[in-house]
Structures are given as structure tokens and as C-alpha cells.
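The following exercises introduce a protein chain through its charged residues, its loops and its overall make-up. Please attempt each task before reading the solution.

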Amino acid sequence: MNKQEAIKQFAAGFFGSADPELIKVLDAICRHRTAEKKSILFVEGQEGSTVYFLVKGSIKLFRTNDEGREAVVHFVRSGEIFAEILLQLGLKYPVTSMTLEECELLEIDAHRLEEVISKDPKVSMRLIGALSKRIKYFVNLIESLTVNDVRARLVNWLKSQKKKESAVIKLPVPKGELALLLGTTAETFSRILKKLQEEGYIEVQGREIKVLKNLE
């Protein structure tokens, strides 16, 4: 995808508009690039001024504790904006970002994006809506990690990913990476997945999971 097509995707998905004037403004503040698998885009605590829009690929956002252990915060999918916290100028990146496959991105100047948002109330409301969804996601994740056992976390995650029109869920990342997000080990994750399959709830084929009946 070329830069113009990527910007149109960003404008339509995030701003809800493909107005030529908006496209022109975004073209001036965006940089289109690709990143190889396992590229680090930014690290936790780093100062920066770039917000990202993922055009294609998948990205892991994580934090590292004093012992060097990773805590996965979120897996970014195509069509998502991330590092939007930098729109609150003067802040640092709170997480590290690593590509899980070759990715196509738009790098957006946070200072100039804030100017675009401030000039249009509709765009501002669009941003508030996007941030509200992200906050809800993290609240649900924290609740799941603190209250539920591993099986319940996995079931809840599968329910959140299942779309009404399809019973098939495609894992965005390898099972080992998803286990980190759910706060467990790859071995425990695989064991519970196998148990759900034996109980007739799901059918697993590689990174695709077909839901056969209501998950409990």
C-alpha cells in the first residue's frame, strides 16, 4: 500500500472522513514506512513525539520489570492507532513496542496531529471515543487478571474476539505470546486450550479457533 492509500485508511477509520483537505493535512504530518519483524519502534521511558497508526501487521506493547520479565499490555492489530498518549505533550512512552511480523505504519507528528484535532470538534469527539474504548479494554484486562483464573481469562478473551457473523477466531499472535497477555505460561495456555477442545467447546487448527458452542 502506498502512502496516500494508507492515509485514506487512517482518515476513514480514525477521523471518519476521507475529505481531500484532511488527506492533504495528514499527508504533511505523516511518514509512511515499513518495519521488519522484531523491530523496536520505541522503548519504555523514551521521550518521543510520534504517534503510530498500524496499516498492516501486528505489534506487541509490553513493559519489563526489574527482573527482566515481560508483561504484555496489548497486541496492536491493523487499523489501530497506538502511542496516542503522546497527544498529552511532554509525556514519555509508557511501554516498549516490538513488531511481531513485517509491518506497514504511518508515523504521525503528535504536535501537529494535536493541532488538527483542536480545529475540529467532530475530530475531537472521535478521539475521545477511541480513547474511551482503549480505557475500557484495559479496565476489563485488569479485572480479568486480578479476579479470574487462567481458564476464565482465556474464555473471556475468546468471547471478546468472537464476531457475530463468524464462529472462527484467528489468533493475532502465536499462542506463546497470547499466554503472556493472559498472565500465564505457554504450557498452561496450551493445556487449557486442549481441555476446551476435549470438552467440545472449540476446535483448534493452527492459529484458528472455531467456537462450536457457547463458551463457559
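**Exercise 1. Is R151 buried, partly exposed or exposed?**

Solution. The model is a predicted one.
Step 1. The relative accessible area of R151 is 25%.
Step 2. Buried means under 20% and exposed means over 50%, with partly exposed in between.
Step 3. R151 is therefore partly exposed.

**Exercise 2. Which side chain meets E199 in a salt bridge?** **Where do the two residues lie?**

Solution. Side chains of opposite charge can pair when their charged atoms come close.
Step 1. E199 meets R151 in a salt bridge, with 2.8 Å from N to O.
Step 2. E199 is placed in the loop between helix 7 (186-198) and strand 10, whereas R151 belongs to helix 5 (residues 150-161).
Step 3. The two residues are 48 residues apart, and the pair links distant parts of the chain.
Step 4. E199 has a relative accessibility of 31% and so counts as partly exposed.

**Exercise 3. With which residue does K3 form a salt bridge?** **Determine also how K3 and its partner are exposed**.

Solution.
Step 1. The partner of K3 is D27, and the closest N and O atoms are 3.4 Å apart.
Step 2. K3 stands in helix 1 (residues 3-15) and D27 in helix 2 (residues 20-29), a separation of 24 residues.
Step 3. K3 has a relative accessibility of 27%, so K3 counts as partly exposed.
Step 4. For D27 the relative accessible area is 27%, which means that D27 is partly exposed.

**Exercise 4. Describe the network of salt bridges that contains R31, R33 and E107**.

Solution.
Step 1. The side chains of R33 and E107 form a salt bridge of 2.8 Å, N to O.
Step 2. Because R33 lies in strand 1 (residues 30-35) and E107 in strand 8 (residues 103-109), the pair ties together parts that are 74 residues apart in sequence.
Step 3. R33 counts as partly exposed because its relative accessibility is 23%. E107, at 13%, counts as buried.
Step 4. R31 is linked with R33 and E107 in the network. R31 is found in strand 1, and its relative accessible area of 49% makes R31 partly exposed.
Step 5. Apart from neighbours within four places in sequence, R31 is in contact with L105, L106 and E107. The C-alpha atoms of R31 and L105 are separated by 8.2 Å, although the two residues are 74 residues apart along the chain.
Step 6. Across the whole structure, a search finds six salt bridges.

**Exercise 5. Which residues gather in a patch of positive charge on the surface?** **Examine two of its members, K38 and R207**.

Solution.
Step 1. The patch brings together K37, K38, K170 and R207.
Step 2. R207 occupies the loop between strand 10 (202-205) and strand 11 (208-211). Its relative accessibility of 37% is why R207 counts as partly exposed.
Step 3. K38 is located in the loop between strand 1 and strand 2 (40-42). With 60% relative accessibility, K38 counts as exposed.
Step 4. Residues up to four places away in sequence being set aside, K38 touches M98 and T99.
Step 5. K38 and E102 are 64 residues apart along the chain, and their C-alpha atoms are separated by 8.1 Å.

**Exercise 6. What is the phi of K38, and what is that of A83?**

Solution.
Step 1. K38 is not a glycine, yet its phi is positive, at about 65°.
Step 2. A83, which is not a glycine either, has a positive phi of about 65°.
Step 3. A83 is found in the loop between strand 6 (81-82) and strand 7 (96-99). At 11% relative accessibility, A83 counts as buried, whereas K38 counts as exposed.

**Exercise 7. How many helices and strands does the chain contain?** **Add a summary of burial, contacts and surface for the chain.**

Solution.
Step 1. The chain holds seven helices and eleven strands.
Step 2. It has 216 residues, of which 40% count as buried.
Step 3. Among contacts with a separation of 6 or more, 69% involve residues 24 or more positions apart.
Step 4. The chain exposes about 12300 Å², and carbon and sulfur atoms supply 50% of this area.

Notes
Residues numbered from 1 in each chain as written. Predicted model: local features only at pLDDT ≥ 70, side-chain atom pairs only at ≥ 80, totals over all residues. Heavy atoms only, no water. Patch = residues over 30% accessible without salt bridge, like charges linked within 9 Å, V, L, I, M, F, W, Y side chains within 5 Å. Areas by Shrake-Rupley, 256 points an atom, 1.4 Å probe, with all protein chains shown as cover. Salt bridge = Lys/Arg side-chain N within 4 Å of Asp/Glu carboxyl O. Lys, Arg positive; Asp, Glu negative; His and termini not counted. Charge placed at Lys NZ, Arg CZ, Asp CG, Glu CD. Helix = DSSP H or I, 4+ residues; strand = E, 2+ residues; numbered from the N terminus. Buried < 20%, exposed > 50% of the residue type's maximum accessible area, 1.4 Å probe, protein only. Contact = heavy atoms within 4.5 Å.
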